[in-house]
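Me: Could you take a close look at the pockets of this model for me, and at what fills them? I'd enjoy one connected walk through the part.

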Amino acid sequence: MAKQRTLAILKPDCVRKGLIGEVIRRIQEAGFTIKAMKMTRLTKQTAGGFYAVHREKPFFDELTTFMSSGPCVPVVLEKENAIEDFRKLIGATNPANAEEGTIRRDFADSMGENIVHGSDSEENGRIEAAYFFAESELVANES
Ligand code: ATP
Ligand code: MG
């Protein structure tokens with residue numbers, strides 16, 4: 001199977017809890033290669049752009065307030081079947097429903113503050129990676 005990319009974000013709660021290292025360790029242990037990574041801080045507006053698909057949802061204001069509440073760490077990851085495998089590694093959106101051993105189950109406090117984001121399709125992964133990284137930062141990493 002061909003390699004695939006996904007865009008992950010270690011969310012502000014992950015950074016605040018001092019879990020960057022532990023979450024990156026689990027991601028690498030699961031076989032993902034890091035292709036790009038940085039620390040940045042979204043504004044409420046740029047968080048809204050990233051999650052534009054949820055603009056009409058009742059939790060949109062809570063989501064964008066949280067995502068702009070502190071620094072986050074976007075990461076481009078590569079692996080065979082990366083989209084599906086990464087979502088398995090992080091677990092369900094609501095940590096209460098996430099399988100044992102998943103990152104959200106182990107570290108997330110609530111549906112709103114759930115430690116990590118993962119792209120839901122290859123196309124969205126490309127769009128989301130471009131939201132955070134210049135083409136040069138991605139291409140420079142091609143193996
Ligand atoms: P993400 O896109 O962050 O990886 P996801 O794909 O598991 O999460 P989505 O349905 O895309 O879930 O929702 C995006 C984010 O919005 C969730 O991670 C969560 O933080 C927040 N969210 C979703 N549903 C709710 C809800 N009912 N109440 C509060 N927050 C929610
Ligand atoms: Mg999603």
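Reply: Helix α7 gives the largest share of the lining of the second largest pocket, with 5 residues. That pocket has a volume of about 250 Å³, and 14 residues line it. Closest to its centre are Arg5, Gly125, Arg126, Ala129 and Leu138. Besides α7, the elements that give two or more residues to this lining are β1 (3–10) and α8 (135–139). Sorted by class, the lining holds 7 nonpolar, 5 charged and 2 polar residues. Please keep in mind that this is a predicted model, and every value here is computed from it.

Now let's follow α7 across to the largest pocket. There too α7 makes the largest share of the lining, this time with 4 residues. The space in this pocket comes to about 630 Å³. Its lining counts 23 residues, and Tyr51, Val53, His54, Leu63 and His117 are the closest to the centre. Several elements each give two or more residues to this wall: α3 (44–50), α4 (60–67), α5 (82–90), β4 (116–118) and α7 (122–132). By class, the lining divides into 9 nonpolar, 8 polar and 6 charged residues.

What takes up the space of the largest pocket? The occupant is ligand 1. Around ligand 1 stand 14 residues, and the closest of them are Lys11, Tyr51, Thr93, Asn114 and His117. Two of these names, Tyr51 and His117, may be familiar, as they are also listed among the residues closest to the centre of the largest pocket.

The polar contacts are a good place to zoom in, and each of the following involves an oxygen atom of the ligand. From Arg104, a polar side-chain atom lies 3.2 Å from an oxygen of ligand 1. With Met111 the partner is instead a polar backbone atom, and the distance to a ligand oxygen is 3.0 Å. Gly118 also uses its backbone, placing an N or O atom 3.1 Å from an oxygen of ligand 1. How much of ligand 1 does the protein bury? Taken alone, ligand 1 exposes 580 Å², and 80% of that is buried by the protein.

As for where the shell comes from, α4 and β4 are the elements that give two or more residues to it. Both α4 and β4 are also on the list for the lining of the largest pocket. By class, the shell around ligand 1 has 6 polar, 4 nonpolar and 4 charged residues.

Note on methods: Residues numbered from 1 in each chain as written. Chains lettered and ligands numbered in written order. Predicted model: local features only at pLDDT ≥ 70, side-chain atom pairs only at ≥ 80, totals over all residues. Heavy atoms only, no water. 1 Å grid on protein atoms, 1.4 Å probe; cavity = no way out; pocket = protein on both sides within 12 Å on 5 of 7 lines; lining within 4 Å. Points joined across faces, edges and corners; volume = space filled by probe spheres on them. Nonpolar A, V, L, I, M, F, W, Y, C, P; charged D, E, K, R; others polar. Near = heavy atom within 4 Å. Polar contact = N/O pair within 3.5 Å; in protein donor to acceptor, adjacent residues only side chain to side chain. Areas by Shrake-Rupley, 256 points an atom, 1.4 Å probe, with all protein chains shown as cover. Sits in = over half its atoms within 2 Å of the grid points.
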